[in-house]
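Trainee: Could you take me through one part of this structure closely? I would like to look at chain A: how its parts pack, and what it presents to its partner.

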Amino acid sequence: MSALFKTRKQSHLTHLLKYWRLVFNDHFVIALFFLFGALAYSYAQWLPKVTTGAVWVRPLIVIWLVLVSQIGRLATLVEKADPVVLLPQTSQFNSYFKQAWWYSYWRAGIISLAGLAICLPLYWRVVAYHQVDLFYFILVALLTKALWLLRARQTISFGLKKLPQVTKIMQWTEPMVIWGLTIWYPLVGLIVAMILLGITLLRVRQQTEINWRLATAVEMQRMDSVYRFFNLFTDVPSVQGKVKRRQWLSGLINWLAKGEGPWSYLYGHGFVRNVDVGNLVMRLTLVAMIVTYFVTVPWLNTALMLLFIYLVATQLMPFYHQYDQIAFTHLFPVSASEQHQAFEKLLLKIMICVGFLIVIGASSIGHGHFSLSHQGLNLILAMVEVWLLNRYYLKIRIK
Amino acid sequence: MALKIENLTGGYSQLPVLHQVSFDVPAGELVGLIGLNGAGKSTTINHIIGLLKPFSGQISLNGVDLATSPIKYKKQIAYVPETPILYPELTLREHLELTIKAYQLNEKVAWERAKKLLTTFRLANKLDWFPADFSKGMKQKVMIVMAFLTDAKLFIVDEPFYGLDPLAVKDLLALIQVRKEAGAAILMSTHVLDTAQRYCDRFVLLNDGHVRSKGTLAELKAQATDPNASLDDIYLAIARGDA
């Protein structure tokens with residue numbers, strides 16, 4: 001059984017590598033590096049300004065660490081056929097799942113430690129530095145993630161008396177309790193984490209039998225979100241753009257689809273209902289608003305705003321070709337330029353909205369004091385950029 | 001004369017698949033485009049609907065040339081593909097609305113026609129469904145409804161006998177009959193030869209990208225060695241290279 005996990009892991013990694021290569025080729029990633037650079041820079045600029053008596057620092061760190069503890073799921077790599085093909089060997093599957101757990105754990109552990117490293121400089125702004133605290137923190141981070149993953153292992157067991165939803169809630173409350181204690185009393189937090197982990201470990205040992213239906217469903221869901229991520233950069237065959245009706249956005253559809261020809265109709269409906277494209281634009285805009293809000297160095301604030309507008313526009317442009325594969329599209333008795341005009345209109349409408357939202361997000365310049373001149377400059381630059389992207393860049397991209 | 005194809009040579013890349021293909025689809029007639037897999041049926045259809053550009057030769061419909069006035073030409077054709085592909089983001093109702101917009105149909109008239117078609121193909125209660133909810137046969141029916149919603153002068157139906165249930169096949173053939181009587185031309189590709197023999201007025205027999213024979217069944221029989229041969233026999237003889 002452990003040999004099975006090894007081969008699965010190997011093919012899983014090769015499979016992922018194929019996609020990662022494509023991700024790192026995309027210029028989107030270069031832009032993301034800039035973004036992280038800018039964030040790190042403004043974090044460093046901002047740190048000295050935090051006063052030693054700031055009361056909000058510790059709660060903020062707790063929230064941050066609880067969020068970080070949620071990253072890194074249990075990768076079981078089980079497949080749909082397993083419950084049928086491997087059913088006779090179910091009892092030997094324990095070693096398989098143990099391996100899966102450790103495989104998931106070391107990766108998630110690294111993420112937890114990275115998350116901890118990010119917030120520690122802030123912590124030491126308000127608390128005096130003790131080396132032993134650092135040691136406690138590292139242990140707590142590792143134990144909390146271990147506990148979280150044990151809970152994940154519990155959800156796919158049959159012995160579980162509670163509903164999986166209850167376990168889900170535990171996966172949030174336990175890190176909250178542990179980190180809440182640790183940030184104020186590191187040693188107490190560590191002891192509580194150890195006790196909780198011990199109890200859970202004993203329980204898990206008694207509930208090894210796998211609920212296959214649930215286990216495969218959970219794993220499919222996990223892989224689906226991995227593919228969804230890759231699909232932002234490249235075409236993943238198994239992700240066939242999900243569709244949601246979004247009745248509540250019918251006003252937006254009507255506005256976007258306004259126009260005589262079939263192309264406006266098609267693009268307007270497609271953009272709003274296609275989960276991949278629609279959500280991507282919404283999410284990127286939201287991230288842009290948050291990031292530009294927190295970056296208050298004026299020139300960086302404006303540069304980031306412009307970068308984000310570019311990013312959203314480039315992610316939207318491949319949508320032009322969304323319907324190339326559908327024969328009916330080529331039968332439309334309309335001129336070829338109509339498609340181009342319809343898409344240009346769609347892009348302009350969406351980007352003006354996105355531009356406005358990002359400008360609003362970026363309004364934090366001057367540390368919370370609204371600066372009209374900078375705001376005005378941002379707005380003008382954003383709209384000029386939207387116009388340029390629409391007028392010239394689109395033509396290059398959709399050739 | 002509705003559709004006129006003259007000396008069409010064409011294909012997907014540099015290599016021609018079709019060689020000097022010529023045939024007509026007269027108004028008020030159902031013409032069967034017959035051929036084995038790979039004979040060039042789909043390639044011919046892709047040229048007729050304008051998905052491919054001919055290397056040489058002309059395609060015109062009621063005197064309108066595809067190459068020189070594609071919009072006027074495309075206004076006159078409707079197409080039911082073999083593999084139904086719909087827009088994933090549009091409901092059935094919206095597919096019909098899109099068709100109305102694309103062909104600039106009169107909304108009221110078109111919706112009345114649509115209602116009848118939807119009832120015929122048992123889709124009337126599925127107007128708000130998305131393609132993901134449809135089976136393959138249902139998708140094909142949607143494409144049939146979309147095509148027959150228009151006032152096309154030429155209907156191109158690609159291999160309609162797979163995926164459709166027997167009742168739907170019967171309904172489709174009845175629909176074709178009505179449009180034929182109203183003066184439309186219909187080109188249907190298939191390799192279900194006994195059905196083709198029963199319903200088509202004329203045949204174009206394709207093999208290896210060449211038109212091997214064309215005409216009514218009587219004319220084909222006259223050309224064949226055996227006067228009692230069925231369409232099946234005639235075509236198989238050609239495909240094997242006996243004729």
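Mentor: What follows goes from the domains of chain A to its helix pairs, and then to the side that touches chain B.

This is a predicted model, with an ipTM of 0.87 and a pTM of 0.73. For the partner, chain B, the mean pLDDT is 91, and 99% of its residues reach 70 or more.

Start with the division of chain A. Domain 1 covers 2-39 + 48-230, and domain 2 covers 247-397. Taken over C-alpha atoms, the centres of domain 1 and domain 2 of chain A are separated by 35 Å. Domain 1 of chain A brings 5 residues to the contact between them, and domain 2 of chain A brings 6 residues. On the domain 1 side of that contact there are 5 nonpolar residues, no polar ones and no charged ones.

Next, take a helix pair from chain A. Helix H6 (residues 131-155) and helix H8 (residues 186-206) of chain A have axes 9 Å apart and pack at an angle of about 25 degrees. Because angles under 35 degrees count as roughly parallel, H6(A) is roughly parallel to H8(A). The crossing of H6(A) with H8(A) is left-handed. Their contact draws on 17 nonpolar, 4 polar and 3 charged residues.

A second pair in chain A consists of helix H12 (residues 275-294) and helix H13 (residues 298-316), which pack at an angle of about 175 degrees with their axes 10 Å apart. Angles over 145 degrees count as roughly antiparallel, and H12(A) and H13(A) are therefore roughly antiparallel to each other. On H12(A), the residues making the contact include A:Val277, A:Leu280, A:Leu284 and A:Val291, with A:Thr285 and A:Thr292 also among them. H13(A) contributes residues including A:Leu304, A:Met305, A:Phe308 and A:Leu311, as well as A:Asn301 and A:Gln315. By class, the residues of the contact between H12(A) and H13(A) are 12 nonpolar and 4 polar, with no charged ones.

That leaves the side facing the partner. Here 20 residues of chain A are in contact with 20 residues of chain B. Helix H11 (262-273) and helix H14 (327-331) of chain A each supply at least two residues of the side that touches chain B. The largest share of that side, 6 residues, comes from H11(A). The residues of chain A on this side divide into 11 nonpolar, 8 polar and 1 charged.

Definitions and conventions: Residues numbered from 1 in each chain as written. Chains lettered and ligands numbered in written order. Predicted model: local features only at pLDDT ≥ 70, side-chain atom pairs only at ≥ 80, totals over all residues. pLDDT = per-residue confidence, 0-100. Contact = placed C-beta atoms within 7 Å. Helix = DSSP H or I, 4+ residues; strand = E, 2+ residues; numbered from the N terminus. Nonpolar A, V, L, I, M, F, W, Y, C, P; charged D, E, K, R; others polar. Axes fitted to C-alpha atoms, helices over the stretch in contact; angles between N-to-C directions. Parallel < 35°, antiparallel > 145°, perpendicular 65-115°, else oblique. Left-handed = near helix turned anticlockwise from the far one by under 90°. Domains from an automatic or database assignment.
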